[in-house]
Amino acid sequence: MKKILLAICCFWALTSSAAMDVSALLPDARMTGRGEFRYFGWLIYDATLYAPQGQYRPGQPFALTLRYHRQISRQQLADSSIEEITRLYPQKYHRERLATWRERLLQALPDVRPGDQLTGVYEPEKGCRFFNQQQLISRIDDPELARAFFDIWLSPATRDPPLRQQLLGSRTP
């Protein structure tokens with residue numbers, strides 16, 4: 001029992017609190033990389049990617065944590081997510097599916113304020129779970145939506161290739 005407690009304490013000390021809270025969903029989670037997203041020079045959020053053994057592998061579980069520096073409404077988060085999915089996959093998804101996904105994201109995501117921390121955990125073939133300030137707030141049982149959502153940051157066609165490289169550990173921030 002003491003060894004288990006020691007392992008948990010060491011894990012907590014080495015990772016952020018968001019990674020700690022998702023450890024049951026993501027065994028041996030370690031940071032793969034981190035970076036910042038800026039829009040016209042304004043810092044919007046810090047992003048950190050966690051994966052088993054610190055190695056991101058497409059199609060495998062991972063967690064993405066965003067710590068916000070700006071206030072953003074859930075509507076803005078959902079709308080910009082659907083806009084980015086549409087940009088990444090312009091011919092793949094029908095308008096009706098995107099509208100359904102927007103509604104699901106509106107239900108799943110909260111309004112955020114500076115200092116808020118959202119963590120999304122990707123669960124292959126299941127979907128994803130969202131945590132806000134270390135509390136589970138929602139689950140999306142749609143693997144296709146989950147994959148498209150996280151592709152906003154992790155697809156080679158992302159809007160911010162330097163951030164993707166930092167998250168994947170390819171480049172130091």
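Two helix axes that cross at an angle of 65 to 115 degrees are counted as roughly perpendicular. In this predicted model, the axes of helix α4 (residues 95-108) and helix α5 cross at roughly 80° and come within 11 Å; the two helices are therefore roughly perpendicular to each other. The contact between α4 and α5 comprises five nonpolar, three charged and no polar residues. On the α4 side the participants are R97, W101, R104 and L105, which meet E144, L145, A148 and F149 of α5.

Helix α5 spans residues 143-154, and its end C-alpha atoms lie 15 Å apart, in agreement with the 16 Å that twelve residues should span at 1.5 Å a residue. Ten of the twelve residues of α5 are buried, so that the helix is mostly covered. Among these buried residues are L145, A148 and F149, each of which also takes part in the contact with α4. The buried set further includes R147 and D151, together with F150, I152, W153 and L154. At the start of α5, a side-chain oxygen of D142 approaches the backbone nitrogen of E144 to within 3.1 Å.

Backbone geometry was also examined in two loops. Most residues other than glycine have a negative phi. Q53, although not a glycine, has a positive phi of about 55°. Q53 is located in the loop between β2 (42-52) and β3 (62-68) and is partly exposed, with a relative accessible area of 41%. A positive phi, near 65°, is likewise found for E125, in the loop between β4 (117-123) and β5 (127-132). E125 counts as exposed because its relative accessibility is 75%, and the cut-off for exposure is over 50%.

Methods:
Residues numbered from 1 in each chain as written. Predicted model: local features only at pLDDT ≥ 70, side-chain atom pairs only at ≥ 80, totals over all residues. Heavy atoms only, no water. Helix = DSSP H or I, 4+ residues; strand = E, 2+ residues; numbered from the N terminus. Expected span 1.5 Å × (residues − 1). Buried < 20%, exposed > 50% of the residue type's maximum accessible area, 1.4 Å probe, protein only. Polar contact = N/O pair within 3.5 Å; in protein donor to acceptor, adjacent residues only side chain to side chain. Axes fitted to C-alpha atoms, helices over the stretch in contact; angles between N-to-C directions. Parallel < 35°, antiparallel > 145°, perpendicular 65-115°, else oblique. Contact = heavy atoms within 4.5 Å. Nonpolar A, V, L, I, M, F, W, Y, C, P; charged D, E, K, R; others polar.
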